[in-house]
Amino acid sequence: MKQYPDVSDDRELFLDDGDISVGARDYYTLWYTTNVTASNPATHDTVISSDQSKSSVGDGRRLPWIRGHLTLHGVNYQPLVYYDGELLHPYSTFDDKRNEDVNVGGMFLRRHYDLGIWRDDQDSPLEILVLPPPVVGKPTVDNGPMSRNANSSRFFSKVKEQASIERNMKHLATNQHRKRNQRRNEPQGQGGDHNLAKSGAIMQCTLGWDWIQPTPDRNTGIWDKVQVEWIFGDVRLHDVRVKLLDVSVDDQNKRGQFENTDDGLSEGGLPLGDDILVSALLDLSVTATRHGSNPIVGNFHYQIKRYTHPDVALEELVAYDDTTTLASGTFENVTIDHSVAEYHLGTIRLSQAKLWWPHSFGSQPLYVVNVVFRSCNNTESEAIHESQTESTFGIRTISSYTHPQTKSLTVKVNGHSIFLVGGNWVTTDQFLRYSTSSERYLSELRLLKNIGFNAIRVWGGGITESSDFYHAADALGLLIYQEFWMTGDNNGKMAGSYDWPLDHDAYLMNAKDVVRRLRNHPSLVLYGGGNELFPIPPNTTTTEFDSGTSPPQDIDGNLRTFISRLDGSRPYVSSSVTDVGDVFDPTRSLGPKDGPYGILNENLFFDVNPGFTSPLLREDEVLNNVIPSDKVDIDSPGRNIGFQTEIGSVSHPELESLKRFLSPHAMNSVPVCGLSDERSEAIHREWIYFKYLPFTEASFDSNGIDHICQFHFPKISNDTSSNDMGVIEDYTWSAQLAQYFQYKSLFEGYSHRMLQRNSAVFFWKSSSPAPTFRGALYDWYLGTNGGYWGARSGLGDGKSIRVLLNLRDWSIHVVNAIPWAATVFSIHWRAYSLHGELVGSGNISIPDAQIEGNSVTHLEDHIPWVGVYDASAVNSIKLQDVLLYRFNMTYEQLNHGRFSFRSTSMTTTNSYYLTDPDRRDRIHRQTRFSLLGALRKVIPKVQVYASCREKEALNGDIKCTLSNTGNRVAIMLKLSLTRNSSQAAMESKDRRILPTYFSSNYITLLPGEYFDVEILPHDVGKTKCSNGYIMWPATPETYLLVSIDGWNVQQGSVRIACDLYH
């Protein structure tokens, strides 16, 4: 008889508030129901499984039994599973844990259930009750009251619905949720009242943070895949482990030729180049779970093949057949004599293989290993036991060391140091609606790769991402730093308790399973204990810190132990940051400090510790007015940020995205100039709700400026608050330019200290799990902004070797962010007025043309200011002169994309809008770009002509040639891929096709200049060529367009030409 828990159905008790903490726990306790139907597996050539694993059994023999297995890959927080009305208990897949040990809560633990023996005409009900976290906490209150409007409620009002397991669509809460007014006694801050951290393996940011509103149900429910398998017999295989023991180069002539000595250590790097073939010694093992009490004797068989991600093309020197078996073998007469155990299948030599590299160093060849167990000596009266599992993997080595110059952890891939540059990641969606979407993960990670990022930090206040995320990272060549689920905001350092979570064993069970799940992914390079914690200080015994450390000592110690035992190929650090001073230990934390998070003077990014003192000061030293230069330990690791886990600033979506979540009233209520308080009553309540962060610098000497209103025309006075940008279009475009300049400077500043003062920099945060004004390079709709393209420009527009200008002293630097040496032939600069007139030029002297790999060359030349004191008056108003400086560098490098020994001559260009560097007082800084404002507001727009056509029939790629036909510089020319307005009006106000990948955007064009842009749509669906242009076969028929806009560019659009045979 069914024994279901009593769950209240009183929905009206909490609808005025809607949060799970306010009488709504029963409401957010969820039922998922479906029927499990299976035809006779003995008549099929496949095991009945969601992943369609191949089975060699299918000869029609009558089988004594076929056993069903249910796997829940991700449930928040604890499921109760009923099958045919009976409560099932999960079984252990750990060789050191009993079944009762794994019946614990947590968001990141895979749970496995025995569905029993298959029966004829099976159609059994499967019901899953999901219980919320045991402690849900009270959320961060809204920063300000917010009225309902159609656009905002479209995203933040969520509908509670029954979801089928097959679709795995999680409910999203109640459609009657009202936005809460701020109340005096409600908690505020990061993570609300912090108590959610008691629940352990959980997504802490669902209580709300300074960049996101709370999630009412804490994402209770099924959030990852649900899998049902029917397997012959009583043995189930899972969790293959492929460990690289050794790798050597097959070609004797290429061994050691590219030894990496950039860190002064003896370890040599493996040869670079996609044509390098290696021999890899692999250690192979697999875990088997046995149901029943009798030992089972059988044979293991494995085979290894090439693997290609179905949605990511791999460039190869020659075509290959991914069905060819590269290695195979059999291990005979193995006895499965434990209920669960790991079976070592020996070492395997994989020859003629290729190395996996981060995308800036090379390509990403992947392999797949398939392991099958088949019982032996079967007769018609005996059971046949057969199971199989598989895993993808890549061949690469990971190591780390404390860099002698940066004094921080530095990562090596295949023996080569790499400067990590990337973004912080929370998840793709606040409500986890895309957690099973490989398409969404690929889209977002491609956007990040296109910036020039080579790494992603998966932040400890978010989630451990799904396998789809990691498969995308493997295929795209992105390195992942994965943290476990603790933050200093909630786990003791700043708030909450060092003792949390309450159940350490359950937390460790979740973490242990994550390690087993992720260990074969070549993209994963680093584990972290959590965000901004406080591990045991150096030179301290554990007895001195019985409490007061995070992670708690038992959790930290166990994490280190089983990461070493279950993985053994990656480093682990206890925390992202600790504290300034001697308490910092570079072997346990990545940095002494993170931040800052507001907009800065762009010059500061070229200083050590941007936004802070150098050396860093402790809080007590600041209070005692200690002067940084007086510190005797100026070069100690705890006084400088070598590994920058977080630095962030403002964010503002493009206009088309704003229209999707702001009401018309909010769109017409732009903030006034000079605001620094993000909760100011002068800011519209919807802007506050969506976490608006002002563009005004925080400055102790009152010298901070508003970076949006520096474009104001007429130029503004000291009283900035009496001005605003007038209309949302001008405000938003000013925000795009401000972001572009900010993030270009940020990444150039860190690049020019690469592996000298910094070993890594991670932007906070690169993605946007919800519509927001804060901390993102693209928005929730996957539309990029000016900051995205500024970051890409700051990282060389896709080129690893680049020239940059230090905005602090106007010196020139050459960055080589790859291990190959390069020869620089020439560097030339030119300065233009905004009418395109050449007003100055010069050559940069290069004392040593050879630029070593993984290095920055600091040249002695300093660029002069060649502008006039004031530009010509506009409407009788004198304005500061603004010049376009452009740098061109010609160089030769080893072509790392294809062959090891082929040199290629290349050119890179870098552009800046600059004003007189001697006029740095507040008045001149606040008005320095008023001339740009005049170009937008009162001077006729520039006409840019575009000619676009598909590159090749049917492949979707588009090439556009742009030309500036006007007599002034075209500033920040922006392209969008759109549909024509009649079709857009039927579907949405937003005509853009998102995401779309551009080779360049926010482009500067001199008068008469031509520029080519390549466009790769994510998915435009089925198109046709009609009358020479690309169209959708819709009703009405819809043209595919490239739309043109810009700071001072006339808006327009062009059709995309195609060949008639398309």
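## Cavity lining, salt bridges and a small sheet

Nonpolar residues number 9 in the lining of the largest cavity, beside 5 polar and 3 charged residues. The structure is a predicted model, and every value in this report is computed from it.

**The largest cavity.** The whole structure contains 14 cavities of 30 Å³ or more. The largest cavity encloses about 130 Å³ of space. Its lining is made up of 17 residues, and those closest to the centre are Thr784, Leu975, Ser976, Leu994 and Phe998. Two elements, β41 (970–979) and β42 (996–998), give two or more residues each to this lining. Strand β41 provides the largest share, with 4 residues. In general terms, rolling a probe the size of a water molecule over the atoms shows where empty space is left.

**Salt bridges.** The structure holds 39 salt bridges. Three of these pairs are set out below, with the distance between the closest N and O atoms.

| Pair | N to O distance |
|---|---|
| Arg236 and Glu229 | 3.3 Å |
| Arg457 and Glu483 | 2.9 Å |
| Asp730 and Arg936 | 2.8 Å |

In the pair formed by Arg236 and Glu229, both residues are buried.

The salt bridge between the side chains of Arg457 and Glu483 links two strands. Arg457 belongs to strand β21 (residues 455–458) and Glu483 to strand β22 (residues 479–483), so the pair ties together parts that are 26 residues apart in sequence. Arg457 and Glu483 are both buried.

The salt bridge between Asp730 and Arg936 involves two helices. Because Asp730 lies in helix α10 (residues 728–751) and Arg936 in helix α13 (residues 930–937), this pair ties together parts that are 206 residues apart in sequence. The cut-off for a buried residue is a relative accessible area under 20%. Asp730 has a relative accessibility of 9% and therefore counts as buried. Arg936, at 13% relative accessibility, also counts as buried.

Salt bridges can also share partners. One network built in this way joins Glu654, Glu656, Arg660, Lys974, Asp990 and Arg992.

**A sheet of three strands.** An open sheet of 3 strands follows the order β17-β18-β19, and its pairing is antiparallel. The edge strands, each pairing on one side only, are β17 (398–402) and β19 (416–418). On average, and with direction ignored, neighbouring strands of this sheet are turned by 40 degrees against each other. Strands of a sheet pair through backbone hydrogen bonds, either parallel or antiparallel. Strand β17 is joined to strand β18 (residues 409–413) by 5 bridges, and these two strands run antiparallel. Within β18, Lys412 is the bridge partner of Ser399.

**Phe331.** Residue Phe331 is placed in strand β13 (residues 325–336). The limits that apply here are under 20% relative accessible area for buried and over 50% for exposed, with partly exposed in between. Phe331 has a relative accessible area of 24% and is therefore partly exposed. Phe331 and Phe300 are separated by 31 residues in sequence, while their C-alpha atoms are 5.1 Å apart in space.

Key. Residues are numbered from 1 along each chain as its sequence is written. This is a predicted model: local features need pLDDT of at least 70, side-chain atom pairs count only at pLDDT 80 or more; totals for chains, interfaces and linings use all residues. Side-chain values use heavy atoms; hydrogens and water are left out. On a 1 Å grid over the protein atoms alone, a cavity is a set of points where a 1.4 Å probe fits but cannot get out, and a pocket is an open set with protein on both sides within 12 Å along at least five of seven lines; lining residues have an atom within 4 Å of a point. Grid points are joined across faces, edges and corners, and a volume is the space filled by probe spheres set on the points. Ala, Val, Leu, Ile, Met, Phe, Trp, Tyr, Cys and Pro count as nonpolar, Asp, Glu, Lys and Arg as charged, and the others, Gly among them, as polar. A salt bridge is a side-chain nitrogen of Lys or Arg within 4 Å of a carboxyl oxygen of Asp or Glu. Buried means under 20% relative accessible area, exposed over 50%, partly exposed in between (1.4 Å probe, protein chains only). Two strands pair if DSSP finds at least two bridges between them. Axes are lines fitted to C-alpha atoms, for helices over the stretch in contact, and angles run from 0 to 180 degrees between N-to-C directions.
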